[in-house]
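Visitor: Please take a close look at the surroundings of the ligand. What holds that part together on the page?

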Amino acid sequence: MADYLYTLETRLSPDQQKAVTLVLDAARAAGMNLYLTGGAVRDIITGFPIRDLDFTVQGNALKLQKDLERAGAVVGDADDETRTLLLTLPGGVRAEIAMARSERYDKPGKPPQIAPSTIIEDLRRRDFTVNAMALSLNEGSRGLLLDPFNGAADIELKVIRVLHNYAFLDDPSRLIRATRFATRFHWPLEERTQARYESGKENGYIEYIRSSSIGYEIEQLAYEEDPHGVLKAYEKEGWLKVLNPRWSTAKVDTAGLGALMKTRQQMNELGYTPEVAPLVLYFLTERLGEKDISDLRRAIPRKDLVEAWKDLDSNARSLAKRLTGKEAATPSRTWQLLSAARPEMILFLAITARQQAVAQKIKNFFTKWRQVQQKIPLPEMTELHITPQMPAYPKIANDVFLLLLDGKLRSRTETLKFLKPLAPPPPPPPPPPSGKRGRGAKAAAAAAAAASGKLGAKGKGKVAAAPAAPVAPAEVKQQVKQKDKPALAAKPVVPAKPVTAAKPAKPAAVKTSRPAKASAVKKPGKRAKTAKSAGKTKAKAKAKAKPKHKKKGK
Ligand code: CTP
């Protein structure tokens with residue numbers, strides 16, 4: 001039990017963990033038991049990427065909708081029949097919350113009889129053993145794995161096994177799903193499952209597939225890591241024409257899809273996580289006719305995905321227009337424009353842009369302009385005490401970067417000239433040596449203070465007056481004074497870590513789009529490296545004085 005609790009906490013991304021908390025709060029408030037189920041549990045155990053979160057509640061999931069929307073969830077679909085919500089939770093986390101239900105199939109092709117059930121009964125209605133596990137999220141049993149069909153053992157064996165002999169007949173979409181999972185994981189179907197699959201194929205079970213399942217399976221393609229590979233497998237097995245009679249691998253823009261996956265990877269390495277599902281659908285259907293595309297769109301249950309797919313072309317056109325207009329007249333303005341744009345739009349435009357100027361600007365954004373960050377004189381900034389601990393640091397760093405981008409600071413000397421007036425007053429001197437007490441210590445402290453010019457009204461005045469000399473060119477000053485900066489100005493463009501002279505500066509703007517990294521600016525532990533401040537020494541002395549057990553408790 002403990003193991004799964006640990007696995008749950010370590011395998012989910014911070015956004016997914018927040019999503020779990022959010023859904024748990026809503027379920028608790030409604031008095032419902034909540035479980036993580038299906039693919040999410042499978043992927044937690046296997047170590048494969050956790051693509052989405054499938055939750056099951058014992059109760060009507062639709063009752064959670066309002067609470068979840070208030071917490072920032074976007075509802076893509078709400079199915080009254082199965083009482084299932086398809087959601088996008090904050091941070092772009094895809095989730096499904098379903099009511100625990102039993103299903104009874106009376107006739108092939110007919111929807112099952114649905115009834116609310118316990119979680120164990122719910123696991124019985126599922127497709128494959130590896131998908132029929134649940135992880136409790138409830139107080140008292142959090143982390144407990146419910147695995148009535150021994151899915152964990154099949155994960156060990158790396159096989160796909162149906163729960164019972166009628167699995168494919170009850171729900172023919174499982175034939176398509178079996179192909180999809182086998183292709184994605186490179187796991188074979190277990191022997192008897194394979195036999196049932198072949199028999200289902202020969203006997204035309206697929207004719208009985210429900211139209212809602214078709215839409216669901218089209219949608220799932222958009223989230224595959226290798227959608228082209230899955231599409232090829234569907235074509236070979238005869239499933240692609242079930243999704244759309246005119247769909248074939250020949251209708252795919254293979255080059256576009258390849259470029260999408262490659263560029264996405266590069267963007268991931270730079271810290272961007274574009275939502276590629278609409279783009280995948282775009283390239284998978286690039287050569288299909290308008291009518292077929294609109295049929296596919298109509299079938300997909302998640303409406304926010306469909307809207308994003310539909311809007312791709314027009315959004316890309318408008319971004320391209322802005323990139324060729326005044327708004328992007330200089331490198332710094334282009335940088336700001338692209339930094340504020342949605343990563344998926346940049347990605348889409350990077351692949352589809354016809355205008356050379358647009359393509360070049362995007363290329364510069366990802367390559368050449370990032371190199372400019374290395375010109376930010378981080379060691380000298382540290383010496384000037386312009387460090388991440390300063391509230392104005394992100395703005396200063398950003399201003400320097402933008403000026404460097406536009407060639408307005410052409411040398412290190414010019415950059416330092418610009419930076420010096422922005423430096424804070426030097427830190428207070430260290431306290432007197434601990435051995436001295438009383439009068440002697442006071443005298444020593446006073447002498448040190450006088451030397452630094454920090455203490456006393458006179459000294460203070462001098463320090464404040466020092467940086468007043470105007471050194472920056474007019475436009476530079478203007479830029480620094482700007483209060484209403486675009487979003488990017490608030491983000492650090494240089495690493496939060498204080499950098500010593502020996503270390504080369506990292507290309508840090510890569511991280512500007514990632515709020516998690518931005519928070520690292522305030523890492524307290526790093527501060528001591530830059531300044532042996534009196535505060536730090538005092539804190540150490542205090543810590544030493546504390547009894548040991550108290551320290552542990554912290
Ligand atoms: N499910 C099922 N039969 C189906 C569709 C779904 O039994 N025809 C169940 C499975 O337990 C599945 C879960 O619902 O694991 C969630 O469905 P889905 O998100 O489509 O599949 P995942 O297993 O989560 O796969 P993926 O990694 O593709 O999201």
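Guide: What follows is a description of the ligand site. This is a predicted model, in which local features need pLDDT of at least 70 and side-chain atom pairs count only at pLDDT 80 or more, while totals for chains, interfaces and linings use all residues. Residues are numbered from 1 along each chain as its sequence is written, and side-chain values use heavy atoms, with hydrogens and water left out.

The shell around the ligand has 18 residues, each with a heavy atom within 4 Å of the ligand. R42, D54, D127, R180 and R184 are the closest. By class, 11 residues of this shell are charged, five are polar and two are nonpolar; here Asp, Glu, Lys and Arg count as charged, Ala, Val, Leu, Ile, Met, Phe, Trp, Tyr, Cys and Pro as nonpolar, and the others, Gly among them, as polar.

Three helices (DSSP runs of H or I, at least four residues, numbered from the N terminus) each supply at least two shell residues: α3 (38-46), α8 (173-185) and α10 (211-221). The most come from α8, which gives six.

Oxygen atoms of the ligand pair with polar atoms of the protein (N or O atoms within 3.5 Å). A polar side-chain atom of D54 is 2.8 Å from one ligand oxygen. Polar backbone atoms take part as well: one of N131 lies 3.0 Å from a ligand oxygen, and one of G39 lies 3.2 Å from a ligand oxygen. Of the 560 Å² of accessible area that the ligand has on its own, the protein covers 93% (Shrake-Rupley method, 1.4 Å probe).

Conventions
Polar contact = N/O pair within 3.5 Å; in protein donor to acceptor, adjacent residues only side chain to side chain.
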